[in-house]
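Please open the model in a viewer, with the secondary structure displayed as a cartoon. The stops below are best visited in the order given.

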Amino acid sequence: MTIILGRHVGCAVVLGLLTAALPVSAEPLPVTEVAPGVFVHQGTIAEPAPDNRGDTANMGFIVGDSAVAVIDTGGTPELGQRLREAITARTDKKPVIVVNTHMHPDHVFGNAAFVDLPFAGHANLRDALAARQEVYRQRLTDELGTEAAAGVAPVRVDRPVAEELRVDLGNRILVLTAYPTAHTNNDLTVFDRKTGTLFAGDLLFVDHLPAVDGNALGWLRVIDRLERVPAVRAVPGHGPASVAWPGALDAERRYLTALVEGVRRVLKADGSIQDAVTQVAEDERERWLLFDAYNPRNITATFAELEWE
Ligand SMILES: [Zn+2]
């Protein structure tokens, strides 16, 4: 009796220790090796919903001779854990840093699975995310339920990047670059010099209509700068796992130009924001996914941006 009880208690203690030390194991996320040592998980092009479990953004990791860098962590703590399992499945090198490309929850809510590591991000990221995190968490609860949104990590940016930061993973230098306001006011890219691969975050949308949560004119200026990055391929924040560089920027530039020029035309004719929403960038409709989800919002934001220029 005593032995059985002892075993039982012992078991419970061991299980408790294991639970504390290792998060519940999860199915590794599928990843594609888009260049040697560069792995990408491709999210679904959709709004977060129960059928995609919030898996709507691209994320990945880069393996150096001595360490691994994680780039974005997905839209829920569970997706972050599954990304971590994918890293373990692909390499025995350990992750040493997490880079968040910007504040949006589909890119950062997996951070919960990496709280033992330092986080790098744009110098504006901490304040921007702190101001919005509760709203984002509530929205995720509405979209996916209480359980999916439980355990979202507190905001942390341990390595704020004002302009540029270099990270050495062992015979592999990553260049992190912070940009002025474009998609958001805290966009950052990661360039792997070894393979010429640029993780563009949401400065690059492919197939998914670009979403303006910053400044459309600023974004067009950043595109001019990005175009000069000597990459051969890019990983967009939304779209395929890998696209040719810099050609992949063309469609995004065309849409943002149509957005700005269309809003200017309406303003010049003394039109209302409603006129703008029904008219601007309609020629782009068939060229993008989620056009109706984002075009009206982009027009509204750009109308406010250009109203006083
Ligand atoms: Zn975004």
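The tour of this predicted model visits two sheets in turn.

**First sheet**

Begin by selecting strands 1 to 7. These seven strands form an open sheet in the order 1-2-3-4-5-6-7, with mixed pairing. At its edges lie strand 1 (32-35) and strand 7 (159-161), each of which pairs on one side only. From one strand to the next, the twist averages 25°.

Next, select residues 32-35 together with strand 2, residues 38-41. Strand 1 and strand 2 run antiparallel and are joined by three bridges. To locate the register, display Thr 32, which stands opposite Val 40 in strand 2.

Now add residues 77-90, which constitute helix 2. This helix packs on the sheet, where it touches strand 2, strand 3 (59-63), strand 4 (68-71) and strand 5 (95-99). Viewed against strand 2, the direction of helix 2 makes an angle of about 145°.

**Second sheet**

Move on to strands 8 to 13. Here six strands form an open sheet in the order 8-9-10-11-12-13, and the pairing is again mixed. Strand 8 (164-168) and strand 13 are the edge strands, each pairing on one side only.

Select strand 10 (residues 188-192) and strand 11. The two pair in the antiparallel sense over three bridges, and Phe 191 has Leu 198 in strand 11 as its bridge partner.

Which way does strand 11 run relative to strand 12? Select residues 197-205 for strand 11 and residues 233-238 for strand 12: the two strands run parallel, joined by five bridges. One position to display is Thr 197, which stands opposite Arg 233 in strand 12.

Then add helix 6, residues 216-226. Together with strand 11 and strand 12, helix 6 makes a right-handed β-α-β unit.

**Strand 12 and the hairpin**

Remain on strand 12 and consider its surroundings. Is this strand mostly covered or mostly uncovered? Strand 12 is mostly covered, with five of its six residues buried.

Finally, select strand 13, residues 243-244. Strand 12 pairs with strand 13 in the antiparallel sense over two bridges, and Ala 234 has Val 243 in strand 13 as its bridge partner. The two strands form a hairpin with four residues between them. Within the turn, display Gly 239, whose phi is positive, at about 130°.

The tour ends at this turn.

Notes:
Residues numbered from 1 in each chain as written. Predicted model: local features only at pLDDT ≥ 70, side-chain atom pairs only at ≥ 80, totals over all residues. Buried ≥ 20, exposed ≤ 12 C-beta atoms within 10 Å, placed from the backbone. Pairing = 2+ DSSP bridges. Right-handed = clockwise from strand over helix to strand, strands pointing away. Axes fitted to C-alpha atoms, helices over the stretch in contact; angles between N-to-C directions. Contact = placed C-beta atoms within 7 Å.
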